[in-house]
Structure formats: structure tokens, C-alpha cells
Amino acid sequence: MEGKINKQLKKVLKKIVKEAHEPLAVADAKLGGVIKEKLNLSCIHSPVVNELMRGIRSQMDGLIPGVEPREMSAMCLGLAHSLSRYRLKFSADKVDTMIVQAISLLDDLDKELNNYIMRCREWYGWHFPELGKIISDNLTYCKCLQKVGDRRNYASATLSEFLPEEVEAEVKAAAEISMGTEVSEEDICNILHLCTQVIEISEYRTQLYEYLQNRMMAIAPNVTVMVGELVGARLIAHAGSLLNLAKHAASTVQILGAEKALFRALKSRRDTPKYGLIYHASLVGQSSPKHKGKISRMLAAKTVLAIRYDAFGEDSSSAMGVENRAKLEARLRTLEDRGIRKISGTGKALAKTEKYEHKSEVKTYDPSGDSTLPTCSKKRKIEQVDKEGEVTEKKAKKAKIKVKVEEEEEEEVVLVEEETSTKKKKKKDKKKHIKEEPVSEEEPCTSTAIPSPEKKKKKKKKKDIED
């Protein structure tokens, strides 16, 4: 099949070379070329030869004596299967559909386990709420609950199998002074049944994870070494198969799983994502935030090489993956230790890099975008300035008027005092001279009667309004 001469075929052909006077009919052109080079035997390959081969296969029972037809049919079927399997490079161990199904089931089990455990904690929390705070591990929580049941049994129960002594003593102390409500035995039975379901599912999950590890090491050992079992299986499941994943470029593998973010960034013309599913690999997780993008790009490039080696290579060893991972770890170490050398110059001096400081940008809300009204024009601004000037002038006028009014009021007060003094003098004169009437002196006073201050104020206000 590969155009190589087998040992048995060599022996047969060496015997034929001495006696052969005609060209040798060959079903494969490559094999004929190799026979001609090594044994100097002329070969022929044509459609007539293919028809001859087909006739020999159909008349195999008559040409080979002493073979039963059942055995011959079984031999032909087995040979056909083995030839087709060899041509397609099919291997029962290299079935990547099992990996796709296993990783999908593992994710579903994780979701169901989380739902079951949350329901179990909430349900039993009505009876013994303090236990959830003391025991944080979900599996041990369910195991303790399954063994004890009612909180009154914690005093006599031994939980040393699941808990250390200090935690056990704390659980027993909390059970005595618990604030939980009393529940019936039927409720406890249903809660215990839920706990058994959680324990069984978690045990099956661990078994499935071991199966996935073994499958990944058999099908894609180099990918497993590079990114781990879970990330490698998720990449294969996302692409559909190992062959489809091998056809992707390194840049595609880098952002595989972040398609939504990519198209959103392209639509809004922002920065595209730097990593997708590959972000959960251990090498990317070890690196600092400053170097995550660079490490994910290098890891994607090496992972693509490992994927293609696993998909198309015949060797099933993980030596290439181990070597590439060591290179990436060394590169990460140099980046973290600031061991980047200068390209120019002697190459011995360290490159100057600034200290990385994570600055969180807090964006304030800009209310200017809320208003739908257009901005005011220059004419409006000038009118507003004129109005402001008029207002200030009016204020100044009012202040001056107030000062004048105060001065006039003071003058009026002085005049009123003078009038009161003259009236007193008149009364005294009347008492002395009852018969005499001094008209000449008093007439001017009465004739020139001073108007009241209220009338003056009204007149002045009218004048100001007219002005």
C-alpha cells in the first residue's frame, strides 16, 4: 500500500527474475517503479491489468484449491476492512467523538450538581442553618447529613471520617443551640435521598473525568501536555473534531470560544479579544495581567503545531508537547523576571521596562448628551448679555432712589419737629391773648402747609416709573 517491497515479495520476485521473459503486471504504479529500480524487472500498470486483478479475486475459490468458500468469504471481508481502515488511517483509539460527548456530559453534570447542592443546603438550612457556614465543602456536607440526619443526633454521632476534631466539636456545639425549625421524619427522608443523589453524581463525575483524561492522552497527547485535558477537550468539541481543529490557524484557535466578543468588537470598532477558551490553560493563568495576551498568542501557536502533529502524525508520543511547553515556560519566566535583552548593542544589558501598575479608570456620566435642544446661537448670547447689563443698571438706579428717599425722609422728620414746636408756641400765645388773634404770623405757616411724607413718596414713585 505504501509502495514498499515486503521480504516475502522480494524472495518470490528474485525467483521470477531469472525465468521471466515478459513484463510483470502490477496493481499499484508506485510498487512497480520500486520493483523496476531494485530488481531491474519491467512492470506494467493499465486498466487491463486492473480488470485481470478483479477476475483473479472473483475466481479465487477455483485458483486456490483446498479452501472452503466460507473461510474464503470471511478472509475477503477481513482483508477489505483492514485495507479500508489502513487507507483512512482509522484507529479505534482515535475516536474524537467520544471526547466531544464526554466533555459535554461533564459540563452538564457540573450544572446539575450545583443545582442539587444549592437545593440541599437551602432545604436542610431550615432545620440546621449553622451547618452550612461551618462546613464549606459540598461533598462532606452531604456525607455528614446522610450519616446523621436530624440535628439532635449530632451529639451522639461520630464525624471523624469526614471532619477534623475541631470542626466536629464546633458542629456539635452549634447543634445544641441551633436556631432552626423542627421538621418531620418524612422531610428528613426526602433530604437524605437528595444527598445520596448528589454523592452518586459526584462519584460518577470523578469517574468520567478519569475516562476523559485517558482518552485525551490516547488521542491528543501533545495537546493535553500543552493546555490540559479540559481545555483541549473543549477546543475539540468547539471545532467539532480533531481534524477540523487542525485546519484552523493559530489566531483562530487563540480566540476560539470568544466569537460574540470578537464580532461585537468588530461592529463597534473597538479592540478585539486576546483569548477565548485558551484563557483557562495553566500557562495563561500563571502569567501576570500584563503578559496574558502575549503568552496566549505564543501558546496558541505551539498548540496548533501539537494539534496537527496529533491529527496527522503516526507517532503517539508526547515528546514534542513537552519540549514546546518547556520553551513556553522559559519564555514566561524571562518575561516575568524582566529578562528581555536588547536587540541592538552588545545584547548584554537588560531592557528598561517600567513598573506595571493597574489603574482603574472610573468614567463619570456626561449629562450633556441628554439634552436634545440645540446649543444657543451668538445672537442669543449677546441678547442675554444685554439683558444682564440692563438688570444691573436697574439695580443701580433702585439703589440711588433708595438713598434719595432716605435723605428726604430725614428732612421731613426735621420739618415735622419744627411744626410741633411752633404749635406749642401758638397754644401758649392763645392762652395769654385770648382776644388777640395773630393772623399775620400764623397765616404763612398755614398757607405754606407742608405736604405729608406719604404723598411725597407716591409722587416720587410716579416720577421714577415715568423715567
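Begin by selecting Lys-327, which at 45% relative accessibility counts as partly exposed, a class lying between buried (under 20% relative accessible area) and exposed (over 50%), with a 1.4 Å probe and protein chains only. The model is a predicted one, in which local features need pLDDT of at least 70 and side-chain atom pairs count only at pLDDT 80 or more, while totals for chains, interfaces and linings use all residues. Residues are numbered from 1 along each chain as its sequence is written, and side-chain values use heavy atoms, with hydrogens and water left out.

Add Glu-323, which forms a salt bridge with Lys-327, the closest N and O atoms being 4.0 Å apart; a salt bridge here is a side-chain nitrogen of Lys or Arg within 4 Å of a carboxyl oxygen of Asp or Glu. Both residues lie in helix α18 (residues 319-336), 4 residues apart, about one turn of the helix, helices being DSSP runs of H or I with at least four residues, numbered from the N terminus.

Select next Asp-150, Arg-151, Arg-152 and Glu-182, which are linked in a network of salt bridges. Within this network, Glu-182 pairs with Arg-151, the closest N and O atoms being 3.0 Å apart, and this pair links distant parts of the chain, with Glu-182 in the loop between α9 (165-176) and α10 (185-219) and Arg-151 in the loop between α8 (138-148) and α9, 31 residues apart. Arg-151 is buried, with a relative accessible area of 10%, whereas Glu-182 is exposed at 51%.

Finish at Glu-410, which lies in helix α19 (residues 378-432) and is exposed, with a relative accessible area of 58%.

Note on methods. Helices (H or I, at least four residues) and strands (E, at least two) are DSSP runs, numbered from the N terminus.
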